[in-house]
Each structure stands twice: as C-alpha cells, then as structure tokens.
Amino acid sequence: MILNKTGLFMLAAQASLVAQSTPDLAQQIAEVMSQGPSGKAHQRFIHAKGIVCGGTFQASPGAAAISRAAHFAGETVPVVVRFSDGAPDAGVADNSPDANPRGMAIRFGSGRGTDIMAISHNGFVVGTGEEFLALEKAIAASDSAQPHPSPIEAFLGSHPRALKFVQDLTPIPVSFATESFYSNNALIFVNSKGERRAGRYFIIPLDGPQYLDEAAAKAKSPGFLSEELGTRLRNAPVRFRLLVQIADPGDQTSDSSVLWPEDRKKVELGIITITSVDADSAAAERRLAFDPTRLVDGIELSDDPLPALRSRVYVYSVAGRSK
C-alpha cells in the first residue's frame with residue numbers, strides 16, 4: 001500500500017488497539033525489533049536502507065497456465081521495486097557483512113496489485129514465528145564482551161539451518177542488478193482451470209549473478225549499491241527473470257527454511273524491467289508498505305505461517321514510522 005497521513009494514523013491506531021490486549025506473537029516480535037537502531041529511529045525494523053525504482057513486468061506466454069492472476073495475462077504492467085540492505089540500521093555500509101541479506105520488494109500495479117518480498121538467500125533463517133522470536137531475543141541479548149557461547153551463538157548452535165543461513169551471507173554483489181532473490185514462502189498458484197500448484201518465487205538477473213571479491217568489496221563506498229544502480233539505469237534498463245519453483249507432492253510448504261530439491265521444475269513467469277530510480281526515493285520509501293499477504297485472485301497463501309505473521313509485525317513497523 002502507498003500510505004498517506006490518514007493511512008499511517010489508521011495503522012498506528014490498529015497497532016495501539018492490538019497492544020492493549022495480551023501480547024501475541026507478532027506484538028512480541030515487534031517489541032524486540034523496535035529496540036534496534038532503525039526501530040528507535042522510527043524506520044523499518046529491518047531492511048531500513050533502500051532505494052525505490054520503477055519499471056514494468058511482461059508475463060511469459062506460459063505464465064497463465066500457472067496462475068490466472070491479472071499480471072500473468074500477458075499485458076505489460078507497471079511495477080514499483082525497492083532494493084534494500086537487510087540490516088536494522090539505515091546507516092549500514094553496503095559493503096559491510098551486516099548488510100546481508102539484500103532485499104527486493106515488488107509491487108505489481110495491475111488492478112489491486114500484489115506484492116513479492118524476497119531476500120538474497122534461498123531459504124529463510126527459521127521456519128516458525130516462535131523460532132524467529134527466539135532468534136531476535138538472542139540477537140538483542142548478545143554482545144561481543146560476553147563469554148562464549150553468547151545467546152546468539154547458542155541459538156545458532158541448536159538451529160543448523162539458521163547457522164547455514166548466517167554462514168552463507170558472505171558475498172557482496174557487484175550491483176543490486178546482479179543479485180538473485182528468493183521469496184522462500186510457498187504460495188498456491190491457481191489457473192483458469194482451477195488447477196492448484198504450490199510454488200516459490202525465484203528472481204534471477206537476466207545476465208546472471210555477479211559478486212565482488214573481498215578486496216574489491218572493501219574498496220567500495222558505503223552507499224555504492226544505490227550509486228551504482230542509478231548510474232547503471234541512466235545507461236540501460238535492468239532486467240530480472242521471474243520464475244516459480246513448483247513443489248512436488250510431499251514437498252515441505254509450511255517451513256520456508258527447508259529447501260526443495262534442485263530438480264524441481266521451474267517455470268518462467270516473465271521479465272521484470274527496471275528503468276529508473278524514483279525521483280524522490282526517500283519520500284517513496286516512507287509511503288510504501290509492502291505486504292506478503294497482499295495477493296490477487298489466482299495466488300493464495302499456503303500453510304506457511306510466516307507471511308500472515310510478517311504482515312501483522314509490519315503493522316507495528318509502519319505505525320512506528322508515523323511517529
């Protein structure tokens with residue numbers, strides 16, 4: 001949604017009403033995350049540093065066989081895209097390891113529109129809201145002066161997929177335009193025949209991913225990703241392939257930290273073409289509130305609990321940005 005002052009006030013009021021009851025899981029997560037640098041600064045709890053761009057999406061001929069969603073029907077539709085660093089700190093340097101994972105949020109503008117929220121790691125850090133709350137509490141309780149194992153070290157030691165997630169977050173991309181992104185949460189795609197398939201989005205640079213070596217990354221400026229993207233777009237558009245990985249019967253759909261086998265079928269849904277940086281990206285960031293449950297006919301939530309939970313946490317995050 002694009003929020004005006006009235007919309008921000010309504011979300012703030014909604015968060016206030018929820019907060020008056022016994023804290024639920026979303027509120028507990030929001031309370032911990034709000035104590036991070038960006039939460040205290042009334043910014044997004046995470047992925048606080050970003051840049052907003054505009055462009056178009058053109059569906060592939062085979063997209064309609066997967067979903068009857070309007071933006072897969074074949075007409076070119078506008079998109080708004082926000083790239084971001086993953087840290088809960090708008091001051092993070094783009095070449096810092098703390099900036100991973102990168103984010104790519106997309107608003108498709110056909111009809112009501114729908115959102116995709118993706119990160120630069122195939123597989124989420126945990127699979128349940130309770131685990132995510134425990135992770136955030138462990139992060140908040142840890143500092144470098146503590147004896148080992150610190151709370152976060154203990155958490156990672158008992159959660160091997162979360163440990164792998166952290167260990168994988170090392171490459172610094174040449175550009176936002178050369179990073180791959182994954183939505184991780186399974187959705188249900190329904191076509192005009194009523195056929196239903198579980199799938200996860202993959203967003204892959206048309207020319208493939210490219211990363212910097214350690215020396216090259218260290219030499220970059222703190223804001224090099226946004227700077228580079230602006231320069232790149234002045235010369236030529238940036239293109240990504242939007243694919244969906246289709247689950248086989250029996251594949252895990254309720255846990256976004258569990259990968260599906262590499263041999264699962266991937267269907268090309270279309271091409272995302274990014275043409276420009278928003279003329280007032282900072283203002284656009286304040287207005288935009290992406291939502292993983294913002295879906296359209298032909299795309300439904302699966303049994304993955306995290307999209308609905310994330311949507312509720314974002315209510316608190318957006319309300320905090322109105323202060």
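This report describes the nonpolar cores and the aromatic rings of a predicted model.

## The nonpolar cores

In soluble globular proteins, nonpolar side chains tend to be buried together. The largest nonpolar core of this model has 43 residues, and the members that touch the most others are Phe83, Ile203, Leu242 and Ile274. Strand E10, which covers residues 238-246, gives the most to this core, with five residues. A second core, separate from the largest one, has 23 residues, including Met33, Val125, Leu135 and Tyr316.

Isoleucine 203 illustrates how a core member meets distant parts of the sequence. Apart from neighbours within four places in sequence, isoleucine 203 is in contact with residues that include Met104, Ile106, Ile116 and Ala118. Its contacts also include Glu179, Ser180 and Phe181, as well as Phe240, Arg241, Leu242 and Ile272.

## Phenylalanine 45, a buried loop residue

Phenylalanine 45 is located in the loop between helix H3 (37-40) and strand E1 (50-59). With a relative accessible area of 8%, phenylalanine 45 falls under the 20% limit and is therefore buried.

When residues up to four places away in sequence are not counted, phenylalanine 45 touches Ala30, Met33, Ser34, Ser38, Gly39, Pro88, Val313, Tyr316 and Ser317. Two of these, Met33 and Tyr316, are included in the second core. The C-alpha atom of phenylalanine 45 is separated by 8.6 Å from that of glutamine 35, which is 10 residues apart from it along the chain.

## Aromatic pairs

A pair of aromatic rings is described by the distance of the centres and the angle of the planes. The whole structure contains 10 aromatic pairs. In one of them, phenylalanine 57 and phenylalanine 72 meet edge-to-face, at 6.0 Å centre to centre and with 65° between the planes. Phenylalanine 57 belongs to strand E1 and phenylalanine 72 to the loop between E1 and strand E2 (77-84), so this pair ties together parts 15 residues apart in sequence. Phenylalanine 57 is buried at 0% relative accessibility, and phenylalanine 72 is buried at 1%.

Phenylalanine 83 and phenylalanine 240 form a tilted pair, because their planes lie at 35°; the ring centres are 6.1 Å apart. Since phenylalanine 83 is in strand E2 and phenylalanine 240 in strand E10, the pair ties together parts that are 157 residues apart in sequence. Phenylalanine 83 has a relative accessible area of 0% and is buried; phenylalanine 240 is also buried, at 0%.

## A cluster and a charge over a ring

Phe83 and Phe240 form one aromatic cluster together with Phe176 and Phe181. Elsewhere, arginine 200 lies over the face of tryptophan 260, at 4.1 Å from the ring centre.

How values were computed: Residues numbered from 1 in each chain as written. Predicted model: local features only at pLDDT ≥ 70, side-chain atom pairs only at ≥ 80, totals over all residues. Heavy atoms only, no water. Core = buried A, V, L, I, M, F, W, Y, C linked by side-chain atoms within 4.5 Å. Buried < 20%, exposed > 50% of the residue type's maximum accessible area, 1.4 Å probe, protein only. Helix = DSSP H or I, 4+ residues; strand = E, 2+ residues; numbered from the N terminus. Contact = heavy atoms within 4.5 Å. Phe/Tyr/Trp six-rings, centres within 6.5 Å; stacked < 30°, edge-to-face > 60°. Lys NZ or Arg CZ within 6 Å of the ring centre and 35° of its normal.
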